[in-house]
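Here's a set of short exercises to help you find your way around. Take a look first, then work through each one with its solution.

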Amino acid sequence: MELTRKILEGDVRAAARLMTMIENGASEARAALKSLYPHTGSGYIIGITGPPGSGKSTLTDELTDELRKRRKTVGIVAVDPTSPFTGGAILADRIRMQRHSLDADVFIRSMATRGHLGGLARATNDIVDVMDAAGKEVILIETVGVGQDEVEVVGTAHTCVVVSVPGLGDEVQAIKAGILEIGDIFVVNKADREGANRTATELEMMLHMAPDTGGWLPKVYKTVATKGKGIVELVDAIFEHKAFLDERDLRKKKGRERSERAFLTLLQETLAARTIERFKRNGSMKELIERIADRELDPYTAVEEVLESIGL
Amino acid sequence: MTTQVEQKIRVLIAKPGLDGHDRGAKVIARAFRDAGMEVIYTGLRQTPEMIASAAIQEDVDAIGLSCLSGAHMYLFPRVMELLRERGADDIVVFGGGTIPDEDIQKLKAAGIAAVFTPGATTGEAIEFVRTNVRKTV
Ligand code: B12
Ligand SMILES: Nc1nc2c(ncn2[C@@H]2O[C@H](COP(=O)(O)OP(=O)(O)O)[C@@H](O)[C@H]2O)c(=O)[nH]1
Ligand SMILES: [Mg+2]
């Protein structure tokens with residue numbers, strides 16, 4: 001396939017085009033993803049999560065700089081929220097990363113959530129795969145950073161970096177509620193601000209009390225992303241975690257979990273779409289819903305009947 | 001894929017050159033978002049090379065350039081030239097800012113699809129994008 005061949009040869013435009021087709025759910029995307037799949041699986045995926053304004057984009061830019069010094073090619077997927085009212089979005093993470101835009105070994109792609117919850121967009125996983133197939137050795141994913149339920153990135157990334165900032169006691173509270181479990185590495189960014197040491201200590205204390213997650217002890221690092229401080233140490237920590245995973249064959253295990261999730265999601269989506277499509281062809285969806293709304297029929301029986309009618 | 005998700009218009013709004021006037025660009029970016037588009041905003045001080053490269057990576061349908069410094073006659077055509085070199089001149093390029101009438105014709109001859117000067121409404125710009133971007137993905 002022409003598109004696949006171009007992407008494997010490193011054609012940026014072709015890869016970018018496929019990413020759009022994936023986001024738009026175009027049918028050609030599926031064929032291209034099929035033929036790219038054997039070429040995926042070697043990229044090392046790093047998630048960067050944390051509240052808005054904590055410095056995720058600035059850190060991503062700095063991490064990229066350090067990774068390039070270590071001769072790694074880099075893909076960046078930066079996710080920003082879609083406005084639920086207009087369906088539009090302003091994707092502004094790139095502002096902080098533009099110095100890499102002329103580096104042929106860095107590919108930056110911004111994407112909007114388009115209504116998907118969990119910190120990523122629906123298509124993020126597939127877009128990471130395209131970067132992987134296009135030969136990017138390290139892929140950084142910057143999550144939306146709106147809520148506490150940014151857990152989806154764990155399912156995609158090999159190493160998950162959780163970013164917080166000094167001060168705000170609530171910030172630490174937010175981290176406690178759910179995000180503590182997902183971090184392999186914790187960063188207190190904006191360490192040039194007052195209270196960085198205290199925030200780091202608080203985090204360390206909470207990490208000590210956290211349940212054991214198989215031998216890896218997450219550490220807390222302080223950075224000043226705007227000045228490039230602490231970045232070398234942070235990249236070292238990421239590679240330490242990578243080595244930890246590889247020594248214990250855990251990267252493979254994570255990969256298998258990611259494959260399982262991707263497969264199940266795809267199966268669900270495809271099944272649902274085909275079921276609805278077929279049902280629409282045979283029966284009347286509108287009529288059925290009216291009967292449910294009028295309490296003539298309950299939704300549980302309705303679903304059973306629909307599945308039966310199409311032989312499932 | 002079987003699940004047909006909707007197709008969104010993606011636009012890059014960019015400030016080429018050293019010009020620091022960014023109000024107009026931000027007004028346009030917000031208006032486009034409110035019109036349901038995905039707007040990639042790359043901030044101030046972009047070279048034409050950076051703009052072309054970002055546009056290709058982001059696979060945008062259109063690029064909106066904003067310039068109030070008077071350097072539009074060099075910067076706008078240069079972006080077009082770079083896109084052409086990279087086979088990406090199907091991306092619609094348009095612009096705005098303080099641009100004298102006599103320059104607008106020349107810019108259009110260089111491939112800039114439209115120019116919006118102070119006083120132009122955001123509605124006009126939205127309408128332009130909706131009717132002019134490539135329809136097939
Ligand atoms: C506000 C302003 C400033 C502010 C800017 C604040 C900011 N962050 O933007 C400040 C005080 C910082 C400033 C500084 C300067 N300014 Co001043 N500034 C203005 C002023 C009064 C209004 C600009 C503005 O914000 N308008 C409101 C916005 C919403 O309108 P707009 O940008 O024109 O955008 C509209 C359209 O043009 C169009 N549009 C614009 N971009 C785009 C892009 C797309 C894609 C689309 C579709 C449409 C579009 O749509 C918008 C909505 O209608 C203009 C005069 C004027 N009347 O334009 C001078 C003006 C632009 N400035 C001027 C100058 C000379 C300067 C300075 C060099 C002054 C100095 N000697 O220090 C500095 C340079 C700063 C720099 N780093 O570049 C000159 C430029 C002359 C030229 N082009 O040759 C102007 C024209 C004043 C003049 N008549 O001399 N300025
Ligand atoms: N003082 C200080 N400001 C920072 C630091 N890192 C980022 N910032 C600023 O914080 C703001 C938000 O940064 P950004 O990277 O966009 O955060 P994101 O929303 O998490 O992606 C920007 O104005 C940055 O310049 C830091 O280490 N110290
Ligand atoms: Mg960001």
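**Exercise 1.** In which helix of chain A does Thr270(A) lie? Then decide if Thr270(A) is buried or exposed, and find how far it is from Ala134(A).

*Solution.* A word on the ground rules: this is a predicted model, where local features need pLDDT of at least 70, side-chain atom pairs count only at pLDDT 80 or more, and totals for chains, interfaces and linings use all residues. Residues are numbered from 1 along each chain as its sequence is written, chains are lettered from A and ligands numbered from 1 in the order in which they are written, and side-chain values use heavy atoms, with hydrogens and water left out.

Step 1: Thr270(A) sits in helix H10, residues 250-282 of chain A. (Helices are DSSP runs of H or I with at least four residues, strands are runs of E with at least two, and both are numbered from the N terminus.)

Step 2: Thr270(A) has a relative accessible area of 11%, so it is buried. (Buried means under 20% relative accessible area, exposed over 50%, and partly exposed in between, using a 1.4 Å probe and protein chains only.)

Step 3: Go from Thr270(A) to Ala134(A) and you cover 136 residues in sequence, and 26 Å in space from C-alpha to C-alpha.

**Exercise 2.** What is the phi of Arg295(A), and where does Arg295(A) lie? Do the phi and the place for Arg114(A) too.

*Solution.* Step 1: start with the background, which is that most residues other than glycine have a negative phi.

Step 2: Arg295(A) isn't a glycine, yet its phi is positive, at about 65°. You'll find Arg295(A) in the loop between helix H11 (285-293) and helix H12 (299-309) of chain A. Its relative accessibility is 71%, so Arg295(A) counts as exposed.

Step 3: Arg114(A) also has a positive phi, near 50°. Look for Arg114(A) in the loop between strand S4 (106-112) and helix H5 (124-133) of chain A.

**Exercise 3.** At what angle do helices H2 and H3 of chain A pack, and which residues meet there?

*Solution.* Step 1: H2(A) (residues 12-23) and H3(A) (residues 27-36) pack at about 125°, and their axes are 8 Å apart. (Axes are lines fitted to C-alpha atoms, for helices over the stretch in contact, and angles run from 0 to 180 degrees between N-to-C directions.)

Step 2: that angle makes H2(A) oblique to H3(A). (Under 35 degrees is roughly parallel, over 145 roughly antiparallel, 65 to 115 roughly perpendicular, and the rest oblique.)

Step 3: from H2(A) come Leu18(A), Met21(A) and Ile22(A), and they meet Glu28(A), Ala29(A), Ala32(A), Leu33(A) and Leu36(A) of H3(A). (Contact means heavy atoms within 4.5 Å.) Sorted by class, that's seven nonpolar, no polar and one charged residues. (Ala, Val, Leu, Ile, Met, Phe, Trp, Tyr, Cys and Pro count as nonpolar, Asp, Glu, Lys and Arg as charged, and the others, Gly among them, as polar.)

**Exercise 4.** Over in chain B, are H3(B) and H4(B) roughly parallel or oblique? And H2(B) and H3(B)?

*Solution.* Step 1: the axes of H3(B) and H4(B) (residues 101-109) come within 10 Å and cross at roughly 20°, so these two are roughly parallel.

Step 2: here His72(B), Met73(B), Phe76(B) and Pro77(B) of H3(B) meet Asp103(B), Lys106(B) and Leu107(B) of H4(B). By class, the contact has four nonpolar, one polar and two charged residues.

Step 3: H2(B) (residues 48-57) and H3(B) (residues 72-85) have axes that come within 9 Å and cross at roughly 45°, so this pair is oblique.

**Exercise 5.** Which residues does Asp22(B) contact, leaving aside its neighbours within four places in sequence?

*Solution.* Step 1: find Asp22(B) in the loop between strand S1 (10-14) and helix H1 (23-34) of chain B. With 19% relative accessibility, Asp22(B) counts as buried.

Step 2: with those neighbours set aside, Asp22(B) touches Lys15(B), Tyr41(B) and Leu44(B).

**Exercise 6.** How many residues of chain A are in contact with chain B?

*Solution.* Step 1: 42 residues of chain A are in contact with 36 residues of chain B.

Step 2: between them, the two chains bury about 3,400 Å², with 51% of it on carbon and sulfur atoms. (Buried area is the accessible area, with a 1.4 Å probe, that two parts lose on being put together, summed over both.)

Step 3: on the chain A side, Arg13(A), Asn24(A) and Ile90(A) lose the most area to chain B, together 18% of what that side buries.
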